[in-house]
Amino acid sequence: MKTLKLSLIAIVALGTVSFASDTLQEALTTGKYDGALNAYYFDRDIGHGTKKGSILNLGIDLNYESNFFYGFKLGFGFQSSNAVNADDEAKNAFSSDMYGNGAVLSQAYLSYTLSKTTLKVGRQYIALPLMKSSSSRLIKQSFEGSTLISKDVPDTTLFMAYIDKFQNRTDGFGDIAEFKDLKGDYAYTTGIINQSIPNTTLTFAYGEADLSHDMYYLEANYKNKYDDITYNLAVQYGDTDYKDSATKDADFYGLKAGIGVGGLNAYVAYAEVRDGTAQWGVVGGGSRPTIFTTAIIESGTYSESDHYAVDLNYTFQNVGLKIGARYIDIDYATNYDANFKIAYADYKFNGALKGLKASLVYEERDHDLDASDFKELWAKLVYKF
């Protein structure tokens, strides 16, 4: 309630703006609706059978946002998940991320916009550096709190998000996750994204999770084109400071270079976790793949190590098909090594099936410790309307 009260005061302080609807009824009836029907099939084998199984989940997403009324908007988002005939193996293998039946109101917010600045209060999906909802599983993570995003400064995005509740994917016991208080009292992120330098995006973010850690993140990304050739160069740096003095602080940096010709694209990347165990974000699994050498499925934290990655993919523009492969090698300071072999494909249907998308990912990790080996297959079918 403290967050809500402060945020409502801030809404009033922002003043007034021109409105798009003359009446509240018009604002509500001319709002935007969208949704998706989802079918996800996962097959997993961790540690040569320690956790092994397959699961089929069906679900629906429904979202609504009203039109402007004196600068205000209302928004709601609903998600559901149903694991079809999951056996005991599947329940054990997917309890933390896919086996969770039920429904949850993931978005319920009030927003206010003045010029190019928007304050949003309540349950909401967040996509900011260091705090981001993960949508890789059937149920998308959500947050409860406030976000303030401003684009009033030319070529610049200023942002701030403060939350005190988090909705994960599952509760670990067979039900969909509900909103719960954080382990500490709060978590937040704030920063700036600037594009005033031609073809360059600069990002700085700072965040803190109460009782856990605080961190900052820097990234510079340059993209350009020469005739029919596209290319990009990027550098990143992150630093993690843990509140627990017994936990070793960590930092990491990464380098990435990519090139594209027609539908063919490739990149190479290097990253180093120089000390301790680095974090990619403050709250939310969607912030984890920040590191340039990340895998697609297994993209968690890493201890002190060197990473090398190469990715090659091709898009068949005329048929809506993209196929690719990625290889990642990790050398740990403990003298253990691991590598990832990844293949992926996306297909967007056209014509009578427009809005339907199919995706496939196969990922395999070969680790010196057999218990850390895994193989996983994702097959997703999503129809957006």
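This is a short tour of the structure, stop by stop, with something to select at each one. Keep in mind that the model is predicted.

**The whole chain**

Start with the full protein chain in cartoon view. Its secondary structure comes to 3 helices and 22 strands. Along the principal axes, the C-alpha trace spans about 65 × 55 × 50 Å. The radius of gyration is 22 Å, which agrees with the value near 21 Å for a compact globule of 385 residues. Of those 385 residues, 43% count as buried.

**A buried salt bridge**

Next, select Glu 376 and Arg 44. They form a salt bridge, with the closest N and O atoms 2.8 Å apart. Glu 376 sits in strand β22 and Arg 44 in strand β1, so this pair ties together parts that are 332 residues apart in sequence. Are these two partners buried or exposed? Glu 376 counts as buried because its relative accessibility is 3%, and Arg 44 counts as buried at 5%.

**Two more bridges**

The whole structure holds 10 salt bridges, so there are others to visit. Pick Lys 248 and Asp 275, whose closest N and O atoms are 3.0 Å apart. Lys 248 lies in the loop between β15 and β16, while Asp 275 is in strand β17, so the pair links parts 27 residues apart in sequence. Lys 248 is exposed, at 51% relative accessibility, and Asp 275 is partly exposed, at 28%.

Then move to Arg 365 and Glu 298, a salt bridge with a closest N and O separation of 3.9 Å. Strand β21 carries Arg 365, and Glu 298 is in the loop between β17 and β18; this pair ties together parts that are 67 residues apart in sequence. Arg 365 is buried at 16% relative accessibility, whereas Glu 298 is partly exposed at 32%.

**The nonpolar patch**

Switch to a surface view and colour Leu 24, Leu 28, Phe 76 and Phe 78, which are among the residues of a nonpolar surface patch of about 830 Å². Helix α2 and strand β3 each give two or more residues to the patch, and β3 provides the largest share, 3 residues. Leu 24 is in helix α2 and is partly exposed, with 48% relative accessibility.

**The negative patch**

Now select Asp 337, Asp 366, Asp 368 and Asp 370, which form a negative surface patch. Asp 337 belongs to strand β20 and is partly exposed at 33% relative accessibility.

**A last loop**

Finish at Pro 154, in the loop between β8 and β9. Pro 154 is exposed, at 63% relative accessibility. Its C-alpha atom is 7.7 Å from that of Ser 196, 42 residues away along the chain.

Note on methods. Residues numbered from 1 in each chain as written. Predicted model: local features only at pLDDT ≥ 70, side-chain atom pairs only at ≥ 80, totals over all residues. Heavy atoms only, no water. Patch = residues over 30% accessible without salt bridge, like charges linked within 9 Å, V, L, I, M, F, W, Y side chains within 5 Å. Areas by Shrake-Rupley, 256 points an atom, 1.4 Å probe, with all protein chains shown as cover. Salt bridge = Lys/Arg side-chain N within 4 Å of Asp/Glu carboxyl O. Lys, Arg positive; Asp, Glu negative; His and termini not counted. Charge placed at Lys NZ, Arg CZ, Asp CG, Glu CD. Helix = DSSP H or I, 4+ residues; strand = E, 2+ residues; numbered from the N terminus. Buried < 20%, exposed > 50% of the residue type's maximum accessible area, 1.4 Å probe, protein only. Rg over C-alpha atoms; globule rule 2.2 N^0.38 Å.
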